Amino acid sequence: MRASFVMPVLNEEHYVEAAVTSILDQEGLDAREILLVLGASTDATDAVVDRLAAAHSEIRILRNPHNAISQSMNIGIAAARYPVVVRVDAHAVLPSEYGAVALRSLRAAGAVNLGGRMRAEGRTPFEGAVAWGYNSPGGLGGAIYHTGGEAGPAESAYLGVFDREAVLAIGGFDETLSRGEDWDLNRRLIERGGVVWFEPALEVVYRPRSSWQALAKQFHASGRWRGEIIRRLGGRVPMRYFVPPALVVALAIGLLLVIGGAAFGTVIGNVAAALGTLPWIVYLAWVAITAVRAAVPGAVRARLLGVLPVMHLSWGAGCLLGIVMPNKGHNAFAGR
């Protein structure tokens with residue numbers, strides 16, 4: 001069993017070493033290589049990677065000055081020497097038999113791509129709240145790779161263990177997408193008759209963002225590019241993607257009704273203002289009940305009261321923006 005591990009890396013000085021170490025610790029493979037595709041980091045990431053590469057000959061460093069993950073994956077796939085490509089996130093920590101189990105499962109299922117469950121873990125109360133959001137339908141929705149489930153065909157896969165030739169046959173990742181590129185790749189693989197498989201035996205630790213600003217930025221960007229995909233496909237996406245933008249619209253209409261009703265000061269205005277408070281009351285009550293019922297320590301539960309709205313509203317606002325305003329894509333890829 002031979003595999004090429006490909007990891008896009010950008011500004012990950014605090015996480016990349018743990019991720020690479022988890023690849024170095026893989027067991028049960030006959031051969032492997034590690035391709036680290038470096039973006040234009042502004043922190044000490046490159047120095048950390050240079051040190052790791054100097055100590056381990058199986059590490060190869062590639063460059064992507066344009067930063068987009070889709071481009072970095074294509075660069076890594078084009079340079080890969082082995083027939084199976086294992087995508088790794090710089091925030092991920094792979095279990096020691098991840099590669100071996102994944103390759104066996106890929107063959108057994110006859111799949112062109114396979115993934116397991118993203119198990120988010122936080123090291124602080126804030127990260128713990130974000131991790132709970134990742135792992136729960138109340139945070140990121142009901143995707144099987146977040147919540148878990150039985151082995152079987154899936155619409156997408158976390159990270160991904162790819163048949164290299166199958167990915168090359170569809171042109172690789174769409175480089176005009178900066179986020180949501182994995183979902184789009186799997187959509188095209190399925191349309192070509194391939195099987196995308198969920199394997200619950202694979203579980204990968206994911207380290208979530210550690211600050212409010214980083215969380216809001218991440219989810220706004222993810223929502224923005226998901227909105228781009230919705231716009232391109234004419235809405236032919238899972239219904240759960242429409243929930244956050246619908247929430248943002250409902251809250252915005254409610255706020256306008258409250259402001260407008262208060263300005264009029266009439267009976268009709270008062271009724272409009274009262275109606276405008278309903279979506280806010282319902283949503284905030286849902287957030288409070290969800291946080292109270294979460295099986296987490298009190299410090300984590302308290303932060304859920306803010307983390308869940310930041311996740312939902314940042315993603316929803318970004319999605320609406322992506323639907324109405326095209327994103328500028330990235331087209332450069334040496335080797336395509």
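Which residue in β8 does Val 86 stand opposite? Keep that in mind for Exercise 2. The model is predicted.

**Exercise 1. Trace the strands β1, β2 and β3 and describe how the chain passes between them.**

Step 1. Start with β1 and β2. Strand β1 covers residues 2-9, and eight bridges join it to β2. The two run parallel. For one matched position, take Phe 5: Ile 34 in β2 stands opposite.

Step 2. Follow the chain across. It leaves β1, passes through helix α1 (residues 16-24) and arrives at β2. This β-α-β crossover is right-handed.

Step 3. Move on to β3, residues 59-63. Five bridges pair β3 with β2, again in the parallel sense. Here Leu 35 has Arg 60 as its bridge partner in β3.

Step 4. Follow the second crossing. The path from β2 to β3 runs through helix α2 (residues 45-55), and this β-α-β crossover is right-handed.

Step 5. Check how covered β2 is. Strand β2 spans residues 31-38, and six of its eight residues are buried.

**Exercise 2. Place strand β4 between its partners and sort its side chains by direction.**

Step 1. Find the first partner. Three bridges join β4 to β1, and these strands run parallel. Phe 5 has Val 86 as its bridge partner in β4.

Step 2. Find the second partner. Strand β8 (residues 161-163) is joined to β4 by three bridges, but this pair runs antiparallel. Now the opening question can be settled: Val 86 stands opposite Val 161 in β8.

Step 3. Recall the general pattern. Side chains in a regular strand alternate between the two faces of the sheet.

Step 4. Sort the residues of β4 (residues 84-87). Val 84 and Val 86 point one way. Val 85 and Arg 87 point the other way. All four are buried.

**Exercise 3. Classify the ring pairs of Tyr 134 and say which parts of the chain they link.**

Step 1. Begin with the total. The model has seven aromatic pairs.

Step 2. Classify the pair of Tyr 134 and Tyr 206. The ring centres are 5.2 Å apart and the planes stand at 55 degrees, so the pair is tilted.

Step 3. Locate both rings. Tyr 134 is in helix α5 (residues 125-135), and Tyr 206 is in strand β9 (residues 196-206). They are 72 residues apart, so look for them in distant parts of the chain. Both Tyr 134 and Tyr 206 are buried.

Step 4. Classify the pair of Tyr 134 and Phe 219. The centre-to-centre distance is 6.0 Å, with 65 degrees between the planes. This pair is edge-to-face.

Step 5. Locate Phe 219. It lies in helix α10 (residues 212-233), 85 residues from Tyr 134. Phe 219 is buried, as is Tyr 134.

Step 6. Put the pairs together. Tyr 134, Tyr 206 and Phe 219 are linked by ring pairs into a cluster.

**Exercise 4. Decide whether Arg 187, Leu 313 and Tyr 15 are buried or partly exposed.**

Step 1. Recall the cut-off: buried means under 20% relative accessible area.

Step 2. Apply it to Arg 187, in helix α9 (residues 181-191). Its relative accessibility is 18%, so Arg 187 counts as buried. Its side chain makes a polar contact with the side chain of Asp 184, at 2.7 Å.

Step 3. Apply it to Leu 313, in helix α13 (residues 298-324). The value is 28%, so Leu 313 counts as partly exposed. Beyond its neighbours within four places in sequence, Leu 313 is in contact with Leu 247, Val 248 and Leu 251.

Step 4. Apply it to Tyr 15, in the loop between β1 and α1. At 13%, Tyr 15 is buried. Setting aside neighbours within four places in sequence, its contacts include Ala 90, Arg 123 and Pro 208.

**Exercise 5. State how many residues of helix α3 are buried, and name them.**

Step 1. Count. Helix α3 covers residues 69-79, and eight of its eleven residues are buried.

Step 2. Name them. They are Ser 70, Gln 71, Ser 72, Met 73, Asn 74, Ile 75, Gly 76 and Ile 77.

Notes:
Residues are numbered from 1 along each chain as its sequence is written. This is a predicted model: local features need pLDDT of at least 70, side-chain atom pairs count only at pLDDT 80 or more; totals for chains, interfaces and linings use all residues. Side-chain values use heavy atoms; hydrogens and water are left out. Buried means under 20% relative accessible area, exposed over 50%, partly exposed in between (1.4 Å probe, protein chains only). Two strands pair if DSSP finds at least two bridges between them. A crossover is right-handed if, with the strands pointing away from the viewer, the path from the first strand over the helix to the second runs clockwise. Rings of Phe, Tyr and Trp (its six-membered ring) pair if their centres lie within 6.5 Å; planes under 30 degrees apart count as stacked, over 60 as edge-to-face and the rest as tilted. A polar contact is a pair of N or O atoms within 3.5 Å; within protein, one must be able to donate a hydrogen and the other to accept it, and residues adjacent in sequence count only if both atoms are side-chain atoms. Contact means heavy atoms within 4.5 Å.
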